[in-house]
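Hello,

Here is the structure I promised to pass on to you. Please open it alongside this message and follow along as you read.

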Amino acid sequence: MATVRKHPVLSTLSAALIAAAFLTPGCESAPSTQPQSKSPAALTTPSSASASATASARTLRDLYLARNYAALAELIVPDRRRETVDLLRAIAEVLAADSELRAAAESRYLVPVPRDWGFSPLEDAAGIFSRRVNIIAERQSGDSAIVIAQQGDNLPLIRVRFVRDGLKWLLIPDPAPADIADRVYGLAHAIREVVAQVNAGADYETYGRAITGSVMPHVTRIVLPQLPVDFVAAAPDDSP
């Protein structure tokens with residue numbers, strides 16, 4: 001039986017760096033006030049998205065968890081729709097590959113793999129698309145709105161921008177960095193290559209070297225070209 005040691009380059013810090021680089025579409029930092037409740041937002045249905053920007057935000061989260069990209073795209077402004085959906089698909093592939101690697105490693109080495117030894121923390125670092133989202137407040141001004149929310153237990157809070165389009169409130173994501181979805185898909189592919197090595201019988205040391213030598217260069221390609229300011233817009237004030 002192998003002893004799983006904490007791998008410093010695949011810790012929660014790596015996940016946080018990736019989140020800062022590309023996992024907050026349409027989100028801005030809000031003041032670090034403590035929310036009234038940490039319970040996840042209630043599940044909603046797509047038909048309720050027209051009620052308010054808050055309802056639209058909850059529906060976007062639910063649709064992403066269901067991987068219903070066609071319906072999700074209809075709640076994003078048209079000029080950012082394709083790039084945002086492409087990026088969300090790529091992120092989902094990373095999360096799926098990470099889950100496959102965790103299962104393969106636990107089966108091969110017969111020990112639990114720590115949750116923060118991988119990319120699963122990204123599930124609660126994806127802005128309004130995070131698995132756990134707590135809606136704090138909504139501020140409307142005409143056909144514009146800002147939803148203030150907490151992703152998982154993370155602070156600071158985020159401010160998510162929406163615009164009214166007829167009966168619907170549409171998410172306004174910030175522009176995605178050029179070719180970021182392709183780079184994220186590359187990360188998912190690299191993780192699955194390690195899965196194949198583990199399933200083929202790689203020993204623990206080979207497993208660790210594969211992560212360092214194959215997976216982490218893809219993390220670098222994602223994180224280093226992007227600074228958080230490139231993807232998380234700074235709001236001049238609290239008005240929509």
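Below I go through the cavities and then the salt bridges. Please keep in mind that this is a predicted model.

**Cavities**

There are two cavities of 30 Å³ or more. The largest has a volume of about 90 Å³. Its lining is made up of 11 residues, and those closest to the centre are Asp98, Leu101, Trp117, Gly118 and Tyr207. If you would like to find the place by helix, look at α4 (78-109) and α6 (204-223), each of which supplies at least two of the lining residues. By type, the lining of this largest cavity has eight nonpolar residues, one polar and two charged.

The second largest cavity has a volume of about 60 Å³. Among the residues around it are Tyr64, Leu65, Ile91, Leu95, Phe129 and Arg131. Two elements give two or more residues to this lining, namely α2 (53-65) and α4. Here the split is seven nonpolar, one polar and three charged.

**Salt bridges**

The count comes to 11 salt bridges. As background, side chains of opposite charge can pair when their charged atoms come close.

A good one to begin with is in helix α4, where Arg82 and Asp86 sit four residues apart, about one turn of the helix. Their side chains meet in a salt bridge, at 4.0 Å from N to O. Arg82 is exposed, with a relative accessible area of 69%, while Asp86 counts as partly exposed at 30%.

Next, please look at Arg132, which is partly exposed with a relative accessible area of 29%. Which residues does Arg132 pair with in salt bridges? One partner is Asp124, with the closest N and O atoms 2.9 Å apart. Asp124 is buried, at 10% relative accessible area. Another partner is Asp153, at 3.4 Å from N to O. Asp153 lies in the loop between β3 (144-151) and β4 (158-165), and Arg132 in the loop between α4 and β2 (133-141), so this pair ties together parts that are 21 residues apart in sequence. Asp153 counts as partly exposed, at 43% relative accessibility.

Finally, there is a network to look up: Glu93, Glu100 and Arg192 are joined into one by salt bridges that share partners.

I hope this helps you find your way around, and do write back with any questions.

Best wishes

Definitions and conventions
Residues are numbered from 1 along each chain as its sequence is written. This is a predicted model: local features need pLDDT of at least 70, side-chain atom pairs count only at pLDDT 80 or more; totals for chains, interfaces and linings use all residues. Side-chain values use heavy atoms; hydrogens and water are left out. On a 1 Å grid over the protein atoms alone, a cavity is a set of points where a 1.4 Å probe fits but cannot get out, and a pocket is an open set with protein on both sides within 12 Å along at least five of seven lines; lining residues have an atom within 4 Å of a point. Grid points are joined across faces, edges and corners, and a volume is the space filled by probe spheres set on the points. Ala, Val, Leu, Ile, Met, Phe, Trp, Tyr, Cys and Pro count as nonpolar, Asp, Glu, Lys and Arg as charged, and the others, Gly among them, as polar. Buried means under 20% relative accessible area, exposed over 50%, partly exposed in between (1.4 Å probe, protein chains only).
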